Amino acid sequence: MAVDRRGFLKFVAGVSAGVMVTPIPWKLLDDASIWTQNWPWIPSNVDGASTYVSTVSKLCPSCVGMKVRLVGDRPVRVLPDDNHPLSKGGISSLAVAEAQMLHSPARVKRPLKRAADGAYVAISWEEADALLAEKLAAAKGSLACVSGDETGSINDVLSAMTGKAGSSNFYLMPSEAQPAAKAVAAMGGEGQLGYDIENSDYVLAIGANILESWGTVIRNRAAFKATRPHGEEPAATFVFAGPVQNNTAAGADQWVPIKAGTEGAFALGIAHLLIKAGATADAADFSAFARLAGTFTPAKVAELTGVNEDQLKDVAKALLKARRPLVITGSEFGQGTGAASVLAGVAVNMLLGGLNRKGGLKLLPVAGPVVDGAMTRAEMLGKDFVAYMSRINAGKDKAPAAMVFYEANPAYALPQAAKMAEVLAKVPFKATFTTFLDETAMLCDLVLPVPMGLERLDDVATPYGSGQALYCLARPVAPMPAHVKPAGDYIIALAGKLGMDLGVGTWEEVLQAKARAMGADWDSLMDGNVHVSSSTVNAQPAFGAGMLQKGIATKAAEGDYAIAPVHKLNVGTAKTAIPPYNNKTIRRWELQGKELYVAMNGATARKLGVMKHDKIVVSNKSGSISARVNIFEGVMNDTVAVLMGLGHTAFDQFSKGKGENVMQLLTVGFESGTGLSVWNMAGATISKA
Amino acid sequence: MEIKEFKVKWGMAIDLDKCTGCGACMVACQAENNLAPIADASNKIKVMNWLVVYELSNKKPFPEHDVAYLPRPCQQCGHPPCVSVCPVVATDKNEEGGIVSQIYPRCIGCRYCMAACPYHARYFNWLDPVWPEGMEKALTPDVSVRPRGVVEKCSFCHHRFMKAKDKAIAEGRDPEALADGDYVTSCAEACPNGAIVFGDLNNPDHQVYHLSRSKYASRLLERLHANTQVYYLSRREWVRRQLDNYLDNEKVKG
């Protein structure tokens with residue numbers, strides 16, 4: 001059969017039409033689409049039964065309660081825990097990525113020893129044990145120990161070991177709890193300051209970043225949530241006073257701009273107005289305090305703090321009008337403040353009748369030590385690591401022969417960080433118990449990997465900022481990596497090897513003893529429940545007027561511009577650096593590539609002759625950082641806001657080399673009266689780069 | 001074009017006066033929906049984020065300045081501009097609940113939908129997702145991982161919707177009449193400030209039904225008539241004004 005041209009074209013047209021009406025091309029396209037997306041290097045989902053375990057975060061400073069979702073034995077999500085008093089259905093931007101942090105590239109996977117050429121070599125635990133025992137024995141009491149865990153019973157073990165070695169040099173990393181403890185001592189009170197935010201109808205946060213990072217922040221925010229029905233008038237007023245319109249100011253009903261480091265003067269200005277309006281308090285030194293407050297007239301406070309006088313008066317009026325007002329003083333970046341500003345804040349609460357009152361300030365009971373020879377919490381908080389480092393630097397104290405760090409990263413987190421690293425270099429032997437290879441680990445001779453909070457049994461006892469005494473356990477929910485060891489049992493065994501008797505055999509015994517001391521039921525704690533106590537310490541504290549008078553004197557900061565560090569939990573902490581899942585939350589004009597952006601308002605930029613994106617150098621006698629300019633009108637005049645948590649020189653690709661560390665610019669001073677190290681009033685000069 | 005209506009319409013009411021911009025919702029979203037981390041996240045054009053928290057400013061100089069934060073998930077438009085432009089029906093709005101779907105294996109990566117979306121809620125995988133070694137163990141089993149060449153977007157945690165329906169069926173309840181709170185997205189669940197309320201916009205028993213009718217509620221770029229299912233609430237007039245392109249002399253709702 002001959003096929004003519006017409007027949008051929010008909011055939012082609014028929015085939016084309018036929019193919020088009022069949023599913024063949026569509027199926028092929030579909031398959032091509034599917035199979036070109038199905039590559040072996042793309043991870044597949046692994047199914048399994050889901051279970052949920054309640055625990056508490058040891059990674060997030062808010063000690064947020066959380067429910068961990070496991071698929072099989074893999075933790076895949078960290079979820080809020082409605083039943084935990086430090087979560088109340090919320091979770092922090094840091095803790096929410098904790099399951100992913102288990103697999104962080106910065107994790108230390110096995111013990112590391114610094115070799116002669118300065119490089120790290122992996123060693124066995126036996127070798128690490130022998131080296132640590134040898135060095136600590138050789139140190140013969142010339143030992144210092146630094147803990148970055150503020151709420152755990154590990155401090156009992158560490159301080160006992162340090163004490164039994166013949167040293168009193170056990171320190172906690174700086175935080176807000178230390179000036180608060182000094183303030184309580186100066187008032188002649190006892191216990192830990194607690195803040196009943198839930199029951200307050202007017203919360204004035206002076207410096208304290210209560211909706212982003214201060215204290216038990218997720219619980220603070222649960223209280224904020226509870227008083228704010230969607231789209232309706234709030235049932236409680238939140239006011240924030242600070243130099244930057246930060247996340248707390250964004251949520252607050254009112255932002256009162258005051259200069260960094262002038263929280264105490266602002267509080268005394270309020271006290272002055274309250275006393276003028278007839279407020280009084282039943283304290284032995286009321287008249288001395290009234291005399292001091294009398295000098296803080298609105299005009300003087302405006303000059304010292306930069307506050308608008310009318311705003312100051314309005315706040316005082318609103319406090320008097322409120323039924324259950326609460327005043328919280330603190331530092332915008334969670335450290336570096338003196339006891340005087342806490343004392344001034346407590347004084348305002350006392351004038352408002354807010355001590356041990358519902359919706360006020362409370363004195364919470366603190367459990368005693370549970371390990372032989374351990375320091376009390378008050379003793380621990382009385383020790384000042386920055387002052388110790390400064391003394392070593394000045395040659396007033398000898399550098400110890402050995403220094404042991406536990407989940408602490410002083411080489412990054414202390415003020416004048418570069419100087420602190422220099423001082424650390426004077427210590428002949430340094431060992432660290434750490435989860436991540438941080439800046440301090442990079443300076444150490446021995447790095448001992450410890451499990452993360454999700455992999456170990458640990459505890460949390462009444463974090464600073466909590467409104468009530470509480471105790472709960474972090475329970476191991478994930479399998480521990482092969483070559484890491486929990487520090488509690490390890491240190492107890494190490495102490496035994498060194499011939500010290502801590503009076504406990506295991507870490508679990510320590511926790512059980514702490515639970516008893518807190519009045520908690522162990523079985524209930526192990527079921528994931530939280531022990532909460534409503535008891536308070538009965539006290540009739542004084543104002544601590546003498547100490548306040550000495551400490552409140554503000555010194556002029558260096559340079560023409562003030563530095564206001566901005567602390568945000570999403571950027572991580574010194575211990576975690578920026579978690580891999582969190583760097584997307586850093587704003588466009590906070591960090592670009594490796595370049596830091598600092599924020600200033602338009603007036604300041606005009607004064608400096610700079611525009612957005614211009615390169616500048618911010619420097620003072622402590623150090624200098626280079627950055628680009630972002631214009632943000634929520635910053636006070638002559639102030640530059642610098643995001644904390646950047647400029648890591650260790651960790652992983654998510655953190656290392658990004659931006660600059662603002663701690664380099666924070667200069668240490670000492671508070672008159674208490675002698676406490678302070679660094680909340682840094683100044684700098686700014687020049688175009 | 002006619003707007004598709006459903007008996008059940010999942011939506012959000014986000015109170016911008018309660019959001020403080022902490023970013024917990026963004027991190028929770030990534031972990032729940034298996035978005036890969038990226039070493040340099042400062043190139044915001046190429047970073048994959050189903051939910052972004054934007055910063056709003058009243059543009060006044062210090063000290064009159066005010067700030068607000070706006071979390072932006074997919075707005076799940078009633079009349080989705082992305083659906084009508086997709087040449088392969090990889091995205092559609094036809095399921096009870098009114099969630100705009102995104103079928104990854106069907107997507108050919110033409111990015112018409114991205115061009116059409118007025119909210120920049122869609123993201124294209126320029127690169128294959130890479131997790132640091134071992135971190136793939138923390139992937140949830142609920143959401144498939146998307147490869148290079150595919151567009152993705154917020155699904156209102158659709159897998160949670162399926163689970164809630166399965167649970168309702170197992171308990172003998174009507175899966176089309178879920179109670180308030182039976183199904184919530186990961187971002188709404190995580191928010192410590194309770195700024196995000198999620199529920200059925202058509203069900204008077206759900207809080208979001210009433211919030212969407214608040215005098216302070218309005219939608220992003222409302223006058224495009226995309227009829228979105230995400231409502232924003234603010235008592236601040238300047239915040240509501242920034243939700244659409246209002247002229248200076250125009251009056252804003254609320």
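**View 1. Two helices of chain A, and how they cross.** A crossing counts as left-handed if the near helix is turned anticlockwise from the far one by less than a right angle, and as right-handed if clockwise. With that in hand, look at H9(A) and H11(A) in this predicted model: their crossing is left-handed. Helix H9 covers residues 263-276 of chain A and helix H11 covers residues 298-305, and their axes come within 9 Å, crossing at roughly 165 degrees. That makes H9(A) roughly antiparallel to H11(A). So who meets whom here? On the H9(A) side we have Ala265(A), Phe266(A) and Gly269(A), and on the H11(A) side they meet Pro298(A), Val301(A), Leu304(A) and Thr305(A).

**View 2. An open sheet of four strands in chain A.** Reading across this sheet, the order is S11-S10-S9-S12, and the pairing is parallel. Strand S11 (254-257) and strand S12 (325-329) of chain A are the edge strands, each pairing on one side only. From one strand to the next, the twist averages 15 degrees. Zoom in on the S11(A) edge and you'll find strand S10 (residues 237-242) of chain A running parallel to S11(A), with four bridges joining them. One pair to pick out is Ala241(A) with its bridge partner in S11(A), Val256(A). There's a helix to place here too: H13 (residues 339-351) of chain A lies across strand S9 (202-206) and S12 of chain A. H13(A) runs at about 175 degrees to S12(A).

**View 3. Strand S15(A), covered on both faces.** In a regular strand, the side chains alternate between the two faces of the sheet. For S15(A), one side carries Phe429(A), Ala431(A) and Phe433(A), the other Lys430(A), Thr432(A) and Thr434(A), and all of these are buried. Put as a tally, six of the six residues of S15(A) are buried, so the rest of the structure largely encloses this strand. What does S15(A) pair with in the parallel sense over five bridges? That's strand S14 (residues 402-406) of chain A. In this pairing Ala402(A) stands opposite Phe429(A) in S15(A).

**View 4. Strand S16(A) and its pairings.** Strand S15 (residues 429-434) of chain A pairs with S16(A) in the parallel sense, over four bridges. Ala431(A) has Leu446(A) as its bridge partner in S16(A), and Thr432(A) stands opposite Val447(A). S16(A) also pairs with strand S4 (residues 112-114) of chain A, this time antiparallel and over two bridges. Val447(A) turns up again here, since Leu112(A) stands opposite this residue of S16(A). As for the side chains of S16(A) (residues 446-449), Leu446(A) and Leu448(A) point one way, Val447(A) and Pro449(A) point the other way, and all are buried.

**View 5. Helix H15(A) and what covers it.** Helix H15 takes in residues 385-393 of chain A, and Phe385(A), Val386(A), Met389(A) and Ser390(A) are its buried residues. Look down the axis of H15(A) and these buried residues fall within an arc of 140 degrees, so they line one face of the helix. What covers them? The cover includes two strands, S6 (143-147) and S7 (170-172), along with helix H17 (417-425) and strand S27 (677-678), again from chain A. Follow the chain just past H15(A) and you reach Gly395(A), where phi is positive, at about 80 degrees.

**View 6. Where chain A touches chain B.** Here 70 residues of chain A are in contact with 64 residues of chain B. On the chain A side, the elements that each supply at least two residues include helix H2 (24-35), helix H7 (217-226) and helix H22 (602-608). Strand S21 (591-592) is also among them. Which element of chain A gives the most to this side? That's S3(A), with six residues.

**View 7. A loop residue of chain B, Val88(B).** Val88(B) sits in the loop between helix H2 (81-85) and helix H3 (112-116) of chain B. How exposed is Val88(B)? Partly: 16 other C-beta atoms lie within 10 Å, and a residue would need 20 or more to count as buried. Leaving aside neighbours within four places in sequence, Val88(B) is in contact with Arg106(B) and Ile108(B). Ile103(B) is 15 residues away from Val88(B) along the chain, and their C-alpha atoms are separated by 9.9 Å.

How values were computed:
Residues are numbered from 1 along each chain as its sequence is written. Chains are lettered from A and ligands numbered from 1 in the order in which they are written. A residue is buried if 20 or more other C-beta atoms lie within 10 Å of its own, exposed if 12 or fewer, and partly exposed in between; C-beta atoms are placed from the backbone. The arc is that of the directions from the helix axis to the C-beta atoms. Two residues are in contact if their C-beta atoms, placed from the backbone, lie within 7 Å. Two strands pair if DSSP finds at least two bridges between them. Axes are lines fitted to C-alpha atoms, for helices over the stretch in contact, and angles run from 0 to 180 degrees between N-to-C directions. Angles under 35 degrees count as roughly parallel, over 145 as roughly antiparallel, 65 to 115 as roughly perpendicular and the rest as oblique.
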